Amino acid sequence: MTILSTSDGTLNRFKARLVVKGFHQLQGFDFNETFSPVIKPITIRLILSLVVTYHWTIQQLDVNNTFLNGALDEEVYMQQPQGFESPDSSLVCKLNNALYGLKQAPRQWFERLKATLLTLGFTYSKCDPSLFTYTKNKQIVYLLVYVDDIIVTGNSFDLVLQLVQKLNYVFSLKHLGDLDYFLGIEVKKQPNGTLILTQSKYLRDLLSKTNILE
Amino acid sequence: MVGALQYATITRPEITFVVNKVCQFMAHPLDSHWQAVKRSLRDLKGTLDYGLCFKPASVHQPLSLRAFCDADPDDRRSTSGAAIFFGPNLISWWSKKQPVVARSSTDAEYCSLAHANVELLWVQTLLTELSVPFTTSIIHCDNQSAVLLAHNPILHAHTKHMEIDLFVREKVSISLVMINGLMHSPSLSLVLSFYLSDPSSM
């Protein structure tokens, strides 16, 4: 269980999650493939330079309970969760969906997202499988996926919003608005249209951990 | 610790070389490597808000794709460094120990050129896929003989062993990339392949 606090340090809410003991899983039996592609940093930078050049909108999405969205290809059983046992202790739970802790959870999530995007009309890039493109009458939308962090950009603001809404029907999304913080990187937009990428927060945390900041 | 620094190179190309260098000694770290790490951290402390800047390019002409590459020997295997610019923006860079022993500086530079070429071609494919117009890519290399070698297959006794890497020449001959010599300005890629401080401190 984790305690989530707001940025000023006050208590926000408690968060608890059912996690499977994935370290007991056997390859070929409980799982087969675990690889899940993530976006390459060079693709992000390339798209960002297109964004600043053509003054596109750039939006950020976050998926709630990401890994619970994955479907399972294998038959997986788990022990009864503590505190929720049924009187018959010989029973086990059969998983219908992916859970946190499963080795294949990230892969299954990505497959699910990919299938959803393909039905929405996106195509995936051959160079970088985490980059999805949607084109319609010269309007173009790019979608970059890093597990549950998603960046959407394109030359039509309306189309971007429309697609985000469509995606929201399938998954529960948090629309975080304009891109400002992604993978520990702060993105600041300057008045003249340039974007500046910094890792000040990450570096500050790193330096305080190593006691160099004093 | 070094892994944490590695993540910081995402927006800080200038520490790429030192982080890569220290990484090579992870199996047997010495005090001098720890000193280098601490030095980088202190350097970062003073420049916390530095980062990568993305500037808008002109929309009226196709965007340029330029790469700067270099190689420098430190021990038997050289280190190659390169930076790729898309329009005015830096999009990719690396500092990497070459996998083979080079027999001459031309050999090392040529190896670095081949590496930069591979990366550029990947970017070209991606841009074509996104149907973004771009001009013929230019690789700037500060070694004149490596540049000449890429244009002209001089079967020279010293370059016999490099002929396997015909890849660069093939791409040049079909005008996919252009290779230019950089004679006067100090190469940007030098930062990625060379010690900025006293080498004995490593």
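Reader: How many residue pairs are in polar contact between chain B and chain A?

Author: In this predicted model, five residue pairs are counted, both residues at pLDDT 80 or more. Such a contact needs N or O atoms within 3.5 Å.

Reader: What makes the count of salt bridges across the interface of chain B and chain A what it is?

Author: A salt bridge requires a side-chain nitrogen of Lys or Arg within 4 Å of a carboxyl oxygen of Asp or Glu. The rule finds zero across this interface. Charged residues do occur there: the side of chain B that touches chain A has eight, beside 27 nonpolar and six polar residues.

Reader: How do you know which residues of chain B touch chain A, and how many are there?

Author: Contact means heavy atoms within 4.5 Å. By that cut-off, 41 residues of chain B meet 40 residues of chain A. About 3500 Å² is buried between the chains, 71% of it on carbon and sulfur atoms.

Reader: Why are strand 13 of chain A and strand 1 of chain B said to pair?

Author: Pairing takes at least two bridges. Strand 13 (residues 195-198) of chain A and strand 1 of chain B have four, in the antiparallel sense, so they pair. Within this pairing, Ile196(A) has Cys53(B) as its bridge partner.

Reader: Why is strand 8 of chain A called mostly covered?

Author: A residue is buried under 20% relative accessible area. Six of the eight residues in strand 8 (139-146) of chain A are buried, hence the wording. Strand 8 of chain A also pairs antiparallel with strand 7 of chain A over six bridges, and with strand 9 of chain A over six bridges.

Technical notes: Residues are numbered from 1 along each chain as its sequence is written. Chains are lettered from A and ligands numbered from 1 in the order in which they are written. This is a predicted model: local features need pLDDT of at least 70, side-chain atom pairs count only at pLDDT 80 or more; totals for chains, interfaces and linings use all residues. Side-chain values use heavy atoms; hydrogens and water are left out. Buried area is the accessible area (1.4 Å probe) that two parts lose on being put together, summed over both. A polar contact is a pair of N or O atoms within 3.5 Å; within protein, one must be able to donate a hydrogen and the other to accept it, and residues adjacent in sequence count only if both atoms are side-chain atoms. Ala, Val, Leu, Ile, Met, Phe, Trp, Tyr, Cys and Pro count as nonpolar, Asp, Glu, Lys and Arg as charged, and the others, Gly among them, as polar. Helices (H or I, at least four residues) and strands (E, at least two) are DSSP runs, numbered from the N terminus. Buried means under 20% relative accessible area, exposed over 50%, partly exposed in between (1.4 Å probe, protein chains only).
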